[in-house]
Amino acid sequence: MIVGIDLGTTNSLVAVWRDGAPQLVANALGSFLTPSVVGLDDDGQVLVGQVARERLQTHPQLTTALFKRYMGSAHEVRLGKRSFRPEELSALVLKSLKADVERAFGEPVSEAVISVPAYFSDAQRKATRVAGELAGLKVDKLINEPTAAALAYGVHQKEQTTFLVFDLGGGTFDVSILERFDGVMEVRASSGDNFLGGEDLDDALVKSFVERQAGNLPDASQPLLRQRLRREAQRVRHALGQQDSATFSLRDNGREWCEAYTQEQLRQILEPLLERLRGPIERALRDARIRVADLDEILLVGGTTRMPLVRKLVAGLFGRFPSMHLNPDEVIAQGAAIQAALKARDAALEEVVLTDVCPYSMGIETTQQHGEHFEGGRYLPIIERNCVVPVSRVEQVQTLHDNQREVLLKIFQGESRLVKDNIFLGELSVPVPPRKAGEVVLDVRFTYDNNGLLEADVKIPMTGESHRLVIENNPGVLSREEVAAKLKALEGLKVHPREQQVNTVLLARLDRLYQECLGEMREYVDRLAGEFQRVLEGQDERQIREHRSAVIQRLDELERGF
Ligand code: ADP
Ligand code: MG
């Protein structure tokens with residue numbers, strides 16, 4: 001059986017082809033969405049999905065999310081005593097989805113079509129294939145996410161068409177313009193913002209709530225409280241999709257803080273963020289040399305496009321309504337399953353992959369001076385995302401201190417203002433003649449070619465000297481032997497039996513609430529947890545089931561009361 005998988009930054013989904021249509025497969029908790037979160041429990045066993053997500057704040061050292069951002073890089077994540085590569089973490093998510101399908105259909109799953117963002121570089125695509133291999137899946141096809149969306153919406157059935165895919169997920173915004181022509185699907189341009197999604201909207205709402213409470217709240221920077229505020233913000237944001245107003249409330253230690261929000265107020269709060277959706281759209285249209293009027297369709301993808309606010313904004317930007325008869329967070333998995341079915345019949349849709357643009361900005365670390373004050377760790381992009389390769393650009397920087405003898409150029413890839421949030425690629429130490437601060441100027445030239453090679457050339461006009469560093473932009477790709485070794489290591493990891501996951505999720509939730517609550521409420525949670533654990537010890541399936549739903553009901557009530 002071939003499955004279609006949407007390996008998302010926030011959530012992952014799996015679908016199969018059944019009775020002539022794509023069908024999503026639920027996980028052990030009955031949900032189609034499995035959070036892309038991985039963790040270890042205190043015994044070193046692997047936790048994947050909702051249970052790990054519950055532990056993100058309570059066990060930050062043992063839990064990790066958003067690793068898709070690091071695919072194809074050598075960035076490793078420490079969980080307890082172990083260190084994981086991004087493809088290993090992805091493999092654990094894939095494994096869990098694979099197990100869900102095997103449990104649902106009682107058949108082994110050995111092959112998958114996995115979706116990747118259109119802008120994924122060669123290294124990132126390779127890393128995704130490796131993740132599949134590590135999960136025991138043969139991945140003989142990757143599909144671009146916007147192409148998958150097109151398949152789900154049925155756009156590919158038209159002979160010739162040009163359309164735009166607007167994908168706003170949990171932490172990323174992607175715009176792609178595609179063209180179907182002569183039986184081939186081509187991504188004409190892709191653009192976006194790697195740090196803009198539903199979770200940023202939640203942060204903005206939290207900020208507004210905290211401001212409106214003007215100092216009345218307990219310390220909102222405290223991680224657990226912050227997490228609760230964000231969850232509440234998400235609830236309010238989702239609720240405002242169905243109703244005109246919703247109340248943001250926080251209860252802590254017997255006190256309560258409430259604020260009512262209307263749709264219109266939400267719009268005003270989110271306005272600056274929603275404004276940022278405009279730029280990437282314009283850039284993609286410009287890059288593809290296509291006018292809005294030439295687009296045959298606008299497709300909505302990503303959970304955040306469920307918001308009426310976002311839909312209205314899209315309608316306004318394009319002067320027409322987008323296609324929205326499907327669940328936007330499910331379309332990519334559906335499309336991947338359609339591709340899998342086509343593949344089984346040897347009729348897979350042909351795609352042209354976007355390889356002739358530089359997918360990320362690349363630049364260096366700088367220090368900015370504001371009067372007396374120095375701010376280090378700032379990012380200065382030299383080559384900007386989405387420019388056509390090969391490309392060569394130059395920027396000037398100066399020495400910072402009197403009699404400085406060396407400039408250490410640290411090179412990064414990414415879009416963040418601070419280099420710590422970008423991916424480190426390499427460094428080059430350049431000796432400079434000792435002069436007054438700012439007197440020595442360096443010309444830093446970056447040249448990037450189709451093979452993913454980045455060449456950094458530094459010239460010092462004052463001395464005529466130059467230095468050079470070549471960075472292979474895919475140091476992250478594993479060799480065959482490394483893959484084999486990783487596979488072995490992963491197999492050694494014990495994964496919780498899936499049946500138990502409903503219980504571990506609940507225990508994690510109890511634990512989180514215990515940490516969040518104080519006083520009587522905390523004792524109450526403690527009692528619930530103790531009772532539940534005792535029932536678990538009893539190993540009576542039916543009793544556990546009944547007790548579990550009772551506890552869940554009480555916790556739902558409790559959390560609604562927050
Ligand atoms: P990704 O592609 O990043 O893995 P998804 O497409 O699953 O993520 O989108 C996740 C985001 O969608 C979350 O920020 C979530 O709050 C948002 N979302 C899901 N459902 C809704 C809804 N009904 N209203 C508003 N936002 C929603
Ligand atoms: Mg997505």
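An oxygen atom of ligand 1 sits 3.3 Å from a polar backbone atom of threonine 304. The protein buries 87% of the ligand's surface, which taken alone exposes 580 Å². Keep in mind that this is a predicted model.

Side chains also reach ligand 1. In asparagine 11, a side-chain N or O atom is 2.8 Å from an oxygen atom of the ligand. Histidine 238 puts a polar side-chain atom 2.9 Å from an oxygen atom of ligand 1. Both residues belong to the group that comes nearest: Thr10, Asn11, Gln234, Arg237 and His238. The full shell around ligand 1 counts 17 residues.

What is the chemical character of that shell, counted as nonpolar, polar and charged residues? Twelve of its residues are polar. Four are charged, and one is nonpolar.

Now look at the secondary structure around the ligand. Helix α5 spans 198-212, and helix α6 spans 223-239. Each of the two gives the shell at least two residues. The largest share comes from α6, with three residues.

Where does ligand 1 lie with respect to domain 1 and domain 2? Domain 1 covers 2-196 + 276-357, and domain 2 covers 198-274. Both give residues to the shell, so ligand 1 lies between them.

Step back to the whole chain. The domain assignment gives four entries: domain 1 (2-196 + 276-357), domain 2 (198-274), domain 3 (358-477) and domain 4 (479-562). Between the centres of domain 1 and domain 3, taken over C-alpha atoms, the separation is 32 Å.

Start the strands with a hairpin early in the chain. Strand β2 takes residues 11-18, and strand β3 takes residues 21-24. The two pair in the antiparallel sense, over four bridges. In this pairing, arginine 18 stands opposite alanine 21 of β3. Two residues lie between the strands of the hairpin. One feature to check there is aspartate 19, which takes a positive phi near 45 degrees.

Next comes an open sheet of four strands. The order is β20-β19-β22-β23, and the pairing is antiparallel. Strands β20 (373-383) and β23 (423-431) are at the edges, each pairing on one side only. On average, neighbouring strands of this sheet are turned by 35 degrees against each other, direction ignored.

Walk across this sheet from β20. Strand β19, residues 362-370, runs antiparallel to β20, and eight bridges join them. Threonine 366 stands opposite arginine 378 in β20. The hairpin of β19 and β20 has two residues between the strands. Here glycine 371 takes a positive phi near 60 degrees.

The step from β19 to β22 is antiparallel too, with three bridges. Methionine 362 stands opposite glutamine 413 of β22 in this pairing. Move on to the edge at β23. Strand β22, residues 406-413, is joined to β23 by eight bridges, and the two run antiparallel. Which residue of β23 stands opposite glutamine 413? The partner is isoleucine 423. Glutamine 413 thus gives a handy landmark: it faces methionine 362 in one pairing and isoleucine 423 in the other.

A further open sheet also has four strands. Its order is β21-β24-β25-β26, again with antiparallel pairing. The edge strands are β21 (391-398) and β26 (465-472), and each pairs on one side only. Neighbouring strands in this sheet are turned by 20 degrees against each other on average, direction ignored.

Begin at its β21 edge. Eight bridges join β21 to β24, residues 441-448, and the two strands run antiparallel. Find valine 397 to orient yourself: leucine 442 in β24 stands opposite.

Return to ligand 1 with this picture in hand. Asparagine 11, which makes the 2.8 Å approach through its side chain, falls within strand β2 (residues 11-18). Histidine 238, at 2.9 Å, falls within helix α6 (223-239).

Terms used
Residues are numbered from 1 along each chain as its sequence is written. Chains are lettered from A and ligands numbered from 1 in the order in which they are written. This is a predicted model: local features need pLDDT of at least 70, side-chain atom pairs count only at pLDDT 80 or more; totals for chains, interfaces and linings use all residues. Side-chain values use heavy atoms; hydrogens and water are left out. A residue is near a molecule or strand if one of its heavy atoms lies within 4 Å of it. A polar contact is a pair of N or O atoms within 3.5 Å; within protein, one must be able to donate a hydrogen and the other to accept it, and residues adjacent in sequence count only if both atoms are side-chain atoms. Accessible areas come from the Shrake-Rupley method with a 1.4 Å probe; for residues, only the protein chains shown count as cover. Ala, Val, Leu, Ile, Met, Phe, Trp, Tyr, Cys and Pro count as nonpolar, Asp, Glu, Lys and Arg as charged, and the others, Gly among them, as polar. Domain bounds come from an automatic or database domain assignment. Two strands pair if DSSP finds at least two bridges between them. Axes are lines fitted to C-alpha atoms, for helices over the stretch in contact, and angles run from 0 to 180 degrees between N-to-C directions.
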